[in-house]
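Got your viewer open and a hand on the selection tool? Let's walk through the model one stop at a time.

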Amino acid sequence: MGGTESSISEPGSPSRNRESETSRQNLSECKVWRNPLNLFRGAEYRRYTWVTGKEPLTYYDMNLSAQDHQTFFTCDTDFLRPSDTVMQKAWRERNPPARIKAAYQALELNNDCATAYVLLAEEEATTIVDAEKLFKQALKAGETIYRQSQQCQHQSPQHEAQLRRDTNVLVYIKRRLAMCARKLGRIREAVKIMRDLMKEFPPLTMLNIHENLLESLLELQAYADVQAVLAKYDDISLPKSAAICYTAALLKTRTVSEKFSPETASRRGLSTAEINAVEAIHRAVEFNPHVPKYLLEMKSLILPPEHILKRGDSEAIAYAFFHLQHWKRIEGALNLLQCTWEGTFHHVSVYPKKELPLFIHFTAGFCSSTAMIAILTHQFPEIMGIFAKAVLGLWRPQPWASSGFEENTQDLKSEDLGLSSG
């Protein structure tokens with residue numbers, strides 16, 4: 001979750017620039033990311049558990065989330081606030097009821113503990129409406145604490161760390177409120193919250209708020225705004241994602257998919273717009289080849305995890321779970337994706353089989369047998385000595401065989417002499 005340190009530096013300062021460069025390098029090297037569109041545990045993941053009796057999240061995924069929460073919602077000055085001390089223990093708890101109980105204990109100590117409201121909204125609220133109410137209470141408390149931290153940030157390094165933590169809490173709350181509005185159908189409100197958040201805290205790009213914004217704009221079918229967001233974030237210095245690559249492909253596909261026909265294209269060839277669309281799909285599939293099977297519903301979708309592996313199957317699930325509806329809305333988009341994917345990638349193996357020449361097999365077998373004989377000779381010298389003598393004895397010619405051969409030779413010579421004399 002690195003990169004938040006730059007949020008308190010002065011704009012345009014050299015330290016700010018160095019930190020942003022370091023942050024970009026760290027981001028590009030990161031493989032496992034928190035899912036930008038992760039579901040609510042209480043209001044969404046738990047419903048799956050109620051219906052099926054199975055847990056939708058793995059222990060590994062929940063452990064990564066626990067580490068994120070401790071990094072994001074705690075700091076070294078928590079001991080100064082009793083409620084934050086309780087919450088620090090709450091984020092480490094593995095048992096959900098124990099975490100919820102600790103959150104209520106923190107609220108008893110301080111009714112304005114923002115992180116306690118966050119935990120209750122995430123894990124205790126059983127509906128999105130209830131979660132939104134708790135997040136609004138968290139927002140009110142978080143803004144108050146954030147303003148207090150801003151006034152004290154220059155007093156000591158501890159106060160700077162406290163400001164970073166309070167900034168993280170405030171950004172998290174606003175983002176989840178935007179997601180609540182999106183899920184409740186208030187999409188324009190969600191878009192406004194996300195845009196304001198990205199303007200107010202531009203250094204926090206590692207949160208990938210722009211991916212939330214892209215999905216909401218696609219739901220509004222505001223494709224010009226989607227293109228504007230892509231133009232800003234589809235940059236070589238920023239980390240790629242399936243959302244960025246496949247959304248760019250979707251916009252290119254949208255212009256030609258309605259009238260696209262494989263038979264017609266094979267007869268007359270591809271137009272410039274169709275070539276651009278096909279190339280965009282190529283780039284997207286090369287980034288994450290797992291996505292098409294989910295978009296084409298060749299593989300069943302499951303609930304997306306809280307963390308995703310870039311270019312992996314988990315990222316494909318998370319993308320398709322939220323974006324499949326946008327592909328279906330554009331007529332012919334999935335058809336063009338299928339034609340391009342099957343024609344280019346479907347029959348191409350990632351690891352092509354190579355037949356090795358016979359010489360390689362012979363050399364490998366000879367070296368292996370030689371090494372085995374050397375090991376056995378070292379371990380069992382007496383037995384291997386007897387075995388070697390026996391083998392050599394089979395190859396050595398016997399004395400009686402050689403004398404008989406000489407006698408036969410002499411007889412042949414005498415017969416030859418007799419024939420010649422006759």
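Here is a tour that starts with the whole chain and then moves from stop to stop.

**Before you click**

This is a predicted model, in which local features need pLDDT of at least 70, side-chain atom pairs count only at pLDDT 80 or more, and totals for chains, interfaces and linings use all residues. Residues are numbered from 1 along each chain as its sequence is written, and side-chain values use heavy atoms, with hydrogens and water left out.

**Stop 1: the whole chain**

Show everything as a cartoon. You should find 20 helices and 2 strands; helices (H or I, at least four residues) and strands (E, at least two) are DSSP runs, numbered from the N terminus. Of the 422 residues, 43% are buried. Here buried means under 20% relative accessible area, exposed means over 50%, and partly exposed is in between (1.4 Å probe, protein chains only).

Switch on the surface: about 24400 Å² is exposed, and carbon and sulfur atoms supply 57% of that. Accessible areas come from the Shrake-Rupley method with a 1.4 Å probe, and for residues only the protein chains shown count as cover. Among contacts with a separation of 6 or more, 66% are between residues 24 or more positions apart; a contact means heavy atoms within 4.5 Å.

**Stop 2: colour by confidence**

Now colour by pLDDT, the predictor's confidence in each residue, from 0 to 100. The protein's mean is 81, and 81% of its residues reach 70 or more. Select residues 400-405: pLDDT is below 50 there, and the stretch has 0 contacts in the model beyond near neighbours in sequence. Residues 412-422 also stay under 50, with 0 contacts beyond four places in sequence.

**Stop 3: helix α11**

Select residues 223-233, which make up helix α11. Which of the residues in α11 are buried? They are Tyr223, Val226, Val229, Leu230 and Tyr233. Look down the helix axis: these buried residues fall within an arc of 115°, so they line one face of α11. (The arc is that of the directions from the helix axis to the C-beta atoms.) On the other side of α11, Ala224, Ala231 and Lys232 are exposed. Add α9, α10, α12 and α16 to the view, as they are among what covers the buried residues of α11.

**Stop 4: helix α12 and Ala280**

Next, pick residues 242-254, helix α12. From first C-alpha to last, its 13 residues reach 18 Å, close to the 18 Å expected at 1.5 Å a residue; the expected span is 1.5 Å times one less than the number of residues. α12 is mostly covered, with 10 of its 13 residues buried, including Cys245, Tyr246, Ala249 and Leu250.

Keep Ala249 on screen and add Ala280, which sits in helix α14 (residues 272-287). The C-alpha atoms of Ala280 and Ala249 are 4.7 Å apart, with their positions 31 residues apart along the chain. Is Ala280 buried or exposed? Ala280 counts as buried because its relative accessibility is 4%. Leaving out residues up to four places away in sequence, Ala280 touches Ala248, Ala249 and Lys252.

**Stop 5: the salt bridges**

Side chains of opposite charge can pair when their charged atoms come close. How many salt bridges does a search of the whole structure find? There are 19, each a side-chain nitrogen of Lys or Arg within 4 Å of a carboxyl oxygen of Asp or Glu.

Start with Arg41 and Glu306, whose side chains meet at 2.9 Å, N to O. Arg41 lies in helix α2 and Glu306 in the loop between α15 and β2, so the pair ties together parts that are 265 residues apart in sequence. Both Arg41 and Glu306 are buried.

Move on to Glu132 and Arg186, with their closest N and O atoms 2.3 Å apart. This pair links helix α7 to the loop between α8 and α9, 54 residues apart. Glu132 is buried at 8% relative accessibility, whereas Arg186 is partly exposed at 30%.

Then select Lys299 and Asp313, a salt bridge of 3.6 Å, N to O. Lys299 is partly exposed at 35%, and Asp313 is partly exposed at 28%.

**Last stop: the network**

Show Arg41, Arg99, Glu123 and Glu306 together: salt bridges that share partners join them into one network. Glu123 lies in helix α6 (residues 114-123) and is buried, with a relative accessible area of 5%. Its contacts beyond four places in sequence include Arg41, Arg46 and Arg99.
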